[in-house]
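Subject: Structure handover

Dear colleague,

I am passing on the structure below, and I would be glad if you could look it over before reading the notes that follow.

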Amino acid sequence: MANPRKINQDDLRNHNLSVTLDTILCAKTPLSRADLAKETGLTKATMSLLVSMLLDFGAIREGDPVAPAAYGRPSTPLRMNGGRIAGIGLQVNTDGYGCLALDVNGDTLGLDWVNDDMTGTDPGDIFAKLDAMAVRLERRLARRGFIVAGTGLALPGIVYGLELLTARNLGWANVDLSRFDVVHRLHAAPGNEAKMAAIAQIPGYATERAGFLNVVDRRDSFIYVSTDIGIGGAVVRDGDVVKGSHGFSGEIGHLSVNIDGPVCGCGRKGCLEMYAGRRALVEAAGLAAGAATTKREFAERLLERWRSGDAAAVRAVDRAVDAMVSAIASAVNVVDVDTVVVGGLWAHFGDDLTAELERRLNAQIVGAPGMGVRVAAAPVAEHPSLYGAAEMGLRRFIEDPLPFITA
Ligand SMILES: [Zn+2]
């Protein structure tokens, strides 16, 4: 019988490698071996060994030596190294589908996206097309010598395990995702699109921190609001998405802002989505009715008319702002965070509207005036769910690096 008190050396090494990688990703400026030892609490000798393993594998690289401020030897900063490990993101959304590969250094290795109205499509057809697209991407990665660490699959609905329970805006329900080749082959981890879009906003989650202006830091807490035809959301606590008991946490679009309001697809009355979703806005602005409301062109026309001061568009957006403020304030009051990041359609209304949301939100926060809430447009605005899904895939390497290194 194995001695239960004996620490498995591989498990320990795997854990230490993971902590080292995570510390490198978290750092705002590149760290040296000595910095890493200090940050992680590991000895310099252990850190030196771990760094050698990661360097030999090619997951990290040495930057140019930096001269010390006062005295001593120059230190060598360590950076994530591109060209070795990739994550794949797959997405089926209400306005199209596609795939993307991301390098640990943050480079986009390939992005393929098809714009299409997805309402009422057949899941089998769409996943076959997505599979063909992913095969091309995988071949491209293999030719360049990449190892795929993992794959995330972003879907506009409620996902439980490997089943898409419902995606009302696609007209899909009870879809067993495990029957699709692309999910099977890539061991894709499915999840809600808003949660993945939230991950994309977290700097250093699984890729080296990008040069863009981050609105949150690696371990921050915030609410992400994903706005399109549907409205989704995610609560991020200390840098990780709160899943909830079943993975359904963060469905801010179905917070009711009016108990006598119109009946939502979810069966409740007066959900946020019924006022501030793309379909609702297009309809309320008098641009289209029925099935046509989901067409992308109407979203652009809505923004144009709103900017030009068209009375119906302004009225629709004002009412939607009321709904957004009410729902987000309720969510902030429940989970107690001080940052709200808005992505999707609502990020296109501009800084003035973001400032108005923030001002009005602060008047409805129970923690005010002691606590202030900040509202920011999402910095990763183009295909955030695809990027987040790919980061989720890459995170498999960060959390469990040894199997990749010793493979
Ligand atoms: Zn609803």
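In strand S9, Asp176 is the bridge partner of Glu163, and Glu163, which belongs to S8, also stands opposite Tyr160. Please keep in mind that this is a predicted model, in which local features need pLDDT of at least 70 and side-chain atom pairs count only at pLDDT 80 or more, while totals for chains, interfaces and linings use all residues. Residues are numbered from 1 along each chain as its sequence is written.

The strands around Glu163 are DSSP runs (E, at least two residues; for helices H or I, at least four), numbered from the N terminus. S7 (residues 158–160) pairs with S8 (residues 163–167) in the antiparallel sense over 3 bridges, where pairing requires that DSSP finds at least two bridges between two strands. Between S7 and S8, which form a hairpin, there are 2 residues, and Gly161 in the turn has a positive phi of about 60°. S8 and S9 (residues 172–176) also run antiparallel, joined by 4 bridges, and they form a hairpin with 4 residues between them, where Gly171 in the turn has a positive phi of about 80°.

On the wider layout, the domain assignment gives domain 1 (9–80), domain 2 (85–210 + 384–406) and domain 3 (222–377), with bounds that come from an automatic or database assignment. The C-alpha centres of domain 1 and domain 3 lie 42 Å apart.

Finally, helix H12 (residues 384–399) has 16 residues and reaches 22 Å from its first C-alpha to its last, close to the 22 Å expected at 1.5 Å a residue, that is, 1.5 Å times one less than its number of residues. Of these 16 residues, 15 are buried, so H12 is largely enclosed by the rest of the structure; buried here requires 20 or more other C-beta atoms within 10 Å of a residue's own, with C-beta atoms placed from the backbone.

With best regards

Key. Buried ≥ 20, exposed ≤ 12 C-beta atoms within 10 Å, placed from the backbone.
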